[in-house]
Structure formats: C-alpha cells, structure tokens
Amino acid sequence: MAGVQTAVALRERGCTGTVTVIGAEPHQPYDRPPLSKAVLLGKAEGSAFDIDFEALGIELRLGVEVTGVRPADHELDTAAGPVGYDSLVLATGAEPMRLPGSDGVPGVHLLRTLDDAERLRPVLAERHAVVVVGAGWIGAEFATAARDAGCAVTVVEASGRPLAGALPAEVAAPMAAWYAEAGAELRTHARVARVEPGAVFLDDGSRLPADAVVVGIGARPATAWLAGSGIELGVHREVVTDDRLRTSAPDVYAVGDCASFPSGRYGERLLVHHWDNAVQGPRTVAAALVGEAPEAYDPVPYFWSEQFGRFVQYAGHHAAADELIWRGDPATPSWTVCWLRDGALVAVLAVGRPRDLAQSRKLIDAATPMDPALVTDPAVPLKKAVRV
C-alpha cells in the first residue's frame with residue numbers, strides 16, 4: 001500500500017520523471033486487509049489494486065528482491081543487478097515474527113502475504129482443527145474467519161488477556177468473552193513449548209491437536225536488507241525518519257510499517273503498523289519529492305479490526321493519557337473507551353460505535369478539551385461532550 005500510494009501520489013502531483021516500483025513478490029500490488037477476510041474465506045480470488053499503472057507511466061518490477069542500498073552511489077543492489085535512483089522511497093513494510101522452533105514443521109502457517117492466505121484457504125475449506133498462537137489483532141481476525149468456516153479453533157496467548165501489547169488490561173479483558181461466544185477456546189498464560197506435525201505442546205505439558213497452526217505473535221519492520229547502508233534504524237529496527245519522512249541518508253525517504261516518525265502531537269516517536277498510515281504518509285513524501293514544502297507528518301493514528309461479529313476501531317495514541325472514561329457497558333455489543341490527557345481527548349476505542357470514532361478523530365486532531373461527565377453518557381454525541 002505505502003509504495004503504490006507513493007507512486008500514484010507522485011503522478012497526481014505532476015511528477016513527470018521515471019517512477020519505478022520494485023517488489024519481491026511476483027503478484028500485482030495488492031491490498032492486505034482482505035487477506036484475513038474475503039480472500040482467506042474464498043469469497044475473493046485476490047485483492048489487487050484497481051490501478052492502471054501503465055496509463056500512469058509507473059513501471060512495476062515484480063519478483064525482484066532488493067538486497068541492499070548504497071546511498072553514496074545512489075544505487076540499489078537487487079538480484080537482477082544494480083538500479084540507480086535520484087530519489088528513493090523505502091516502503092518495505094513489516095514481516096511476521098516466527099515461532100521459535102517451528103520452521104519447517106508441516107502445517108505451520110503465517111498470515112501476511114497473498115501466498116500465505118492462499119495456503120490457508122484449504123485449511124478453512126476442509127474445516128481443520130486449528131491452533132492460533134497469539135491473541136493479537138491478526139490472531140483474532142484469523143480465529144474469526146476460521147470459526148466462520150466451521151473450524152475448531154483454539155487460541156493460545158502467553159499473556160493473561162487478548163491484545164496485551166495493544167490495550168490496557170481493563171479494556172482488553174472484556175474481549176476475552178468474545179472468543180467463547182464465537183465457539184473458540186482462548187487459553188491465556190499459555191506458552192508454546194514445541195510444535196510437532198499434528199499437535200502443539202504447551203509448557204504445562206498439555207497437548208493440543210492441530211491440523212494447522214497459525215502464528216500471529218507480531219511483526220517487525222522488514223529492514224534487515226539495510227544492514228551496512230548507514231541508514232539510521234531505531235530501537236525496533238525501523239527506519240528513523242524526521243517529520244517529513246526523510247531518512248538519515250540524502251534523497252532517501254521511508255513510509256509505512258517500516259518507518260517511525262516523531263509526533264509533536266504525542267511527544268514521542270511513533271511506529272504505526274496500520275493501513276491508514278500507509279495511505280497518509282505517501283502524500284507527504286510525494287509533496288516533498290515534487291518540490292513542495294509539506295507540512296510535518298503527524299496524523300492521528302487510526303485502524304480497525306473485524307472480529308467475532310464486532311467492528312472495532314481505534315484512533316489516537318493512549319500511552320500518555322491520564323484519564324480513561326467508559327461510554328457504555330463492555331458486556332453489551334457496543335461500547336467506547338475514551339482516553340484524555342490534561343482534559344483533552346487523545347485516543348478512542350469504539351466497538352460497534354462508528355459515529356463515536358468518526359467524531360473523535362476530529363476532536364483528537366484539534367486537542368479538544370472534553371467534559372468527562374458528558375463523555376460518560378453514550379447517549380450524548382462525542383462532539384457535544386466538549387468542555388465549554
């Protein structure tokens with residue numbers, strides 16, 4: 001998404017030079033969210049972008065792996081030979097973390113690429129017994145699809161709750177009940193000791209039958225190929241950019257899942273692994289590349305997830321919040337959590353309440369002071385819950 005959107009944005013802003021997109025996968029560029037939904041369930045053959053690259057004069061070099069970059073020479077090293085550039089945009093995304101000791105074990109799957117989704121389609125079609133390792137966003141989405149397909153699903157999570165790395169305990173705790181409601185078994189405080197063909201063994205000695213194992217324990221920026229380039233990487237091995245998405249190397253930018261940027265709004269560097277970031281960042285990069293003076297890149301992060309019949313949306317960044325407010329009962333199908341900092345709205349999680357989410361993005365962007373008593377009442381629109 002980030003690479004393709006950058007190329008398209010360049011043309012939209014009048015760039016007349018050569019624009020080339022290089023990607024290791026052989027497929028036409030595609031959107032990733034449908035992979036855990038329609039594509040996985042066989043309701044769609046693929047999710048290729050509806051973009052006429054030829055008409056836009058965008059050259060696609062598919063199935064070409066980039067192995068390194070030499071900024072001083074303005075050259076990429078690829079399996080097909082060196083490629084020169086005037087300006088370079090790094091949009092390599094993230095790659096899923098692998099379960100230690102599972103490489104080469106038959107029946108172990110990841111879910112990140114189109115090929116991954118197509119390998120998993122028969123698993124769902126044949127209603128296999130599935131063990132999902134990790135109760136994060138991707139684990140929950142795959143478990144949802146697998147239950148929809150009629151599979152027996154067990155989700156094992158090393159921490160004590162779903163989404164432990166993304167949400168506070170009190171917010172994530174109610175989501176544990178969603179698994180049982182959908183007919184999936186959630187095992188928390190469960191660590192995988194080893195995986196063998198047909199079974200997952202936990203560290204407490206229990207054995208889980210598994211025709212297939214799907215690993216969803218997180219992703220890390222796909223930046224190993226930058227070793228030796230001199231391009232600065234951060235604590236998560238992501239590309240470090242400034243507030244215009246420029247890297248430490250001249251004429252090199254980075255966008256999407258592989259890059260972090262300094263957020264003036266939140267006072268810290270953000271690494272956002274979500275679709276919306278891969279759509280917004282390219283506009284800033286394209287503006288800079290055509291000679292415009294882009295504003296500092298500092299969006300309100302946003303993402304969504306469909307799991308167990310619920311539409312979950314999140315906007316903002318709650319790490320520095322000093323107040324948490326519930327809107328509605330988390331035991332019901334729809335509720336919202338709002339985070340404030342110094343009285344201003346900084347983040348919102350909405351479950352089945354898209355209007356709350358839509359209104360919150362504008363309120364967060366404007367750092368709007370809120371009236372906590374009004375925020376608490378789910379009958380009061382958030383835009384009416386401002387402090388006067």
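**Note on a cavity and a pocket**

1. Strand S19 contributes three residues to the lining of the largest cavity, the most of any element. This strand runs over 259-263. The model is a predicted one.

2. How many cavities of 30 Å³ or more does a search of the whole structure find? The search finds one. The space in the largest cavity is about 40 Å³.

3. Which residues line the largest cavity? They are Leu245, Ala254, Val255, Gly256, Ala259, Ser260, Phe261, Asn277, Gly281 and Tyr297. Helix H7, like S19, supplies at least two of the lining residues.

4. Now the character of that lining. Six residues of the largest cavity's lining are nonpolar and four are polar. None is charged.

5. Next, a pocket. The second largest pocket holds about 360 Å³ of space. Its lining has 16 residues. Closest to the pocket centre are Gln280, Ala296, Tyr297, Asp298 and Pro299.

6. Which elements give two or more residues to the lining of the second largest pocket? They are helix H7, spanning 275-289, and helix H8, spanning 354-365. H7 gives the most, with four residues.

7. The lining of the second largest pocket has eight charged residues. Six others are nonpolar and two are polar. In the lining of the largest cavity, by contrast, no residue is charged.

8. Two names link these sites. Tyr297 lines the largest cavity, and Tyr297 is also among the residues closest to the centre of the second largest pocket. H7 supplies at least two residues to the cavity lining and four to the pocket lining.

How values were computed. Residues are numbered from 1 along each chain as its sequence is written. This is a predicted model: local features need pLDDT of at least 70, side-chain atom pairs count only at pLDDT 80 or more; totals for chains, interfaces and linings use all residues. Side-chain values use heavy atoms; hydrogens and water are left out. On a 1 Å grid over the protein atoms alone, a cavity is a set of points where a 1.4 Å probe fits but cannot get out, and a pocket is an open set with protein on both sides within 12 Å along at least five of seven lines; lining residues have an atom within 4 Å of a point. Grid points are joined across faces, edges and corners, and a volume is the space filled by probe spheres set on the points. Ala, Val, Leu, Ile, Met, Phe, Trp, Tyr, Cys and Pro count as nonpolar, Asp, Glu, Lys and Arg as charged, and the others, Gly among them, as polar.
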